[in-house]
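Subject: Structure handover

Hello,

I am passing this structure on to you. Please open it and keep it beside this email while you read.

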Amino acid sequence: MDDIRFCSETDRFKFILQIGEKKFRASQIEEWLWKKGVRSFDEMTNLSVSLRQTLQTHFTFKQTRIGNDVQSADKTMKFIFQLHDERQVEGVLIPSGDRVTACISSQVGCPLRCTFCATGTMGFVRNLEACEIFDQFILMNQESIHVFGRPITNIVYMGMGEPLLNYDNVWQSLQWITSPKGQGLSPSRITVSTVGISTGIIQLADDNFKADLALSLHCADERKRLKMMPVTAKHSLSELQKSLSYFYAKTNKRITIEYLLLKDWNDSQEDAQKLFSFCKPFPVKINLIEYNATDSQFEKSPIQNLNRFVDFLQSKNMVVNVRHSRGKDIAAACGQLVRDKQ
Ligand code: SAH
């Protein structure tokens, strides 16, 4: 039996008519699914008991539940989501000021094997269904209200996996989260982060993507990036640059460039110059990220190298932020999400 959320709205509508129910029942179901985010037929209290029973004999809800949560000294919370097939992914809630940012996963594991990232060591297990991505939002939103006294204000697709390698499901989850008939979160509060799948970036532009795009560039030297991020063999830097130019031309959106500073590897002035050249064709905001310890050989850049890098970029009038990760004590920071029990 399939999850009721697996079929299209049209199919749910057809089904309701087929079983002799009125049209408006279909709209009520849509509202329960996306606006109220329920995950059982029993909660659909404005439907008759017999309709709920009929639904139950035809459909199921593949349950995503919170298996465990831990809170960091800095209040960041990490959640382990238990999926219907006992696979697991992680999500993170990061409170700061009035904001609560949810970091959500798009795949179980990740096929990219970036050498500095713990998730990559798991390998790829499977794509998340759109409703499994949506469920992470719904479940963490309830936790956010409960623990922080306010709902999620921002979402980053920066958990486990590569969103653009699970394009359709990520896209569908974005629709449910942003649609006024769904959760109604403004797309301007959502960021999708990619390792740089150029074909996916072009598709986002063609699909009239409204959220923000972040690129985990981390290095603008082809040879060195290939060593850190094997995906570079498939999507070269020049191809990436072209896809970002196309994205900017179509969406008029500034692109966020994530750059992980690694000691004596990508933190020289020459590296900063290469980054500057890579970004010339489109407006960007650069987020310099400090390296969070994983089992890799890399080390985080010392403060002098960081400052030299920042000074150079600022001398070129680039917008630069230095990002310190949250939740390191509970392995909830960027690159630390890993589940070995798969
Ligand atoms: N696959 C997508 C989404 C994951 S986002 C992407 O690559 O953008 C997770 C972010 O954390 C990426 O920018 C990733 O490069 C970064 N990251 C991975 N390992 C890290 C580490 N050890 N320290 C800091 N950031 C890391």
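Start with the ligand. The model is predicted, and in it 20 residues surround the ligand. Glu162, Ser193, Ser216, His218 and Asn292 are the closest of them. What is the make-up of this shell by class? Nine residues are nonpolar, nine are polar and two are charged.

Next, some polar contacts to look up. Ser193, already listed among the closest residues, places a polar side-chain atom 2.6 Å from an oxygen atom of the ligand. Gly161 uses its backbone instead: an N or O atom there lies 3.0 Å from a nitrogen atom of the ligand. Cys334 also takes part through a backbone N or O atom, 3.4 Å from a ligand nitrogen atom. How much of the ligand does the protein cover? On its own, the ligand has 540 Å² of accessible area, and the protein covers 95% of that.

Now the helices. Please find α4, residues 130–148, and α5, residues 167–178. Their axes come within 8 Å of each other. The crossing angle is roughly 45°. That value falls outside the ranges for roughly parallel (under 35 degrees) and roughly perpendicular (65 to 115), so α4 and α5 are oblique to each other. The crossing of α4 past α5 is right-handed.

Last, two backbone angles. Which residues have a positive phi without being glycine? Asn208 is one, with phi near 65°. Asn208 sits in the loop that links α6 (198–206) and β9 (212–216). Asn252 is another, with a positive phi of about 65°. Its loop runs between α8 (237–251) and β10 (255–261).

Over to you.

Best wishes

Notes: Residues are numbered from 1 along each chain as its sequence is written. This is a predicted model: local features need pLDDT of at least 70, side-chain atom pairs count only at pLDDT 80 or more; totals for chains, interfaces and linings use all residues. Side-chain values use heavy atoms; hydrogens and water are left out. A residue is near a molecule or strand if one of its heavy atoms lies within 4 Å of it. A polar contact is a pair of N or O atoms within 3.5 Å; within protein, one must be able to donate a hydrogen and the other to accept it, and residues adjacent in sequence count only if both atoms are side-chain atoms. Accessible areas come from the Shrake-Rupley method with a 1.4 Å probe; for residues, only the protein chains shown count as cover. Ala, Val, Leu, Ile, Met, Phe, Trp, Tyr, Cys and Pro count as nonpolar, Asp, Glu, Lys and Arg as charged, and the others, Gly among them, as polar. Axes are lines fitted to C-alpha atoms, for helices over the stretch in contact, and angles run from 0 to 180 degrees between N-to-C directions. Helices (H or I, at least four residues) and strands (E, at least two) are DSSP runs, numbered from the N terminus. Angles under 35 degrees count as roughly parallel, over 145 as roughly antiparallel, 65 to 115 as roughly perpendicular and the rest as oblique. A crossing is left-handed if the near helix is turned anticlockwise from the far one by less than a right angle, and right-handed if clockwise.
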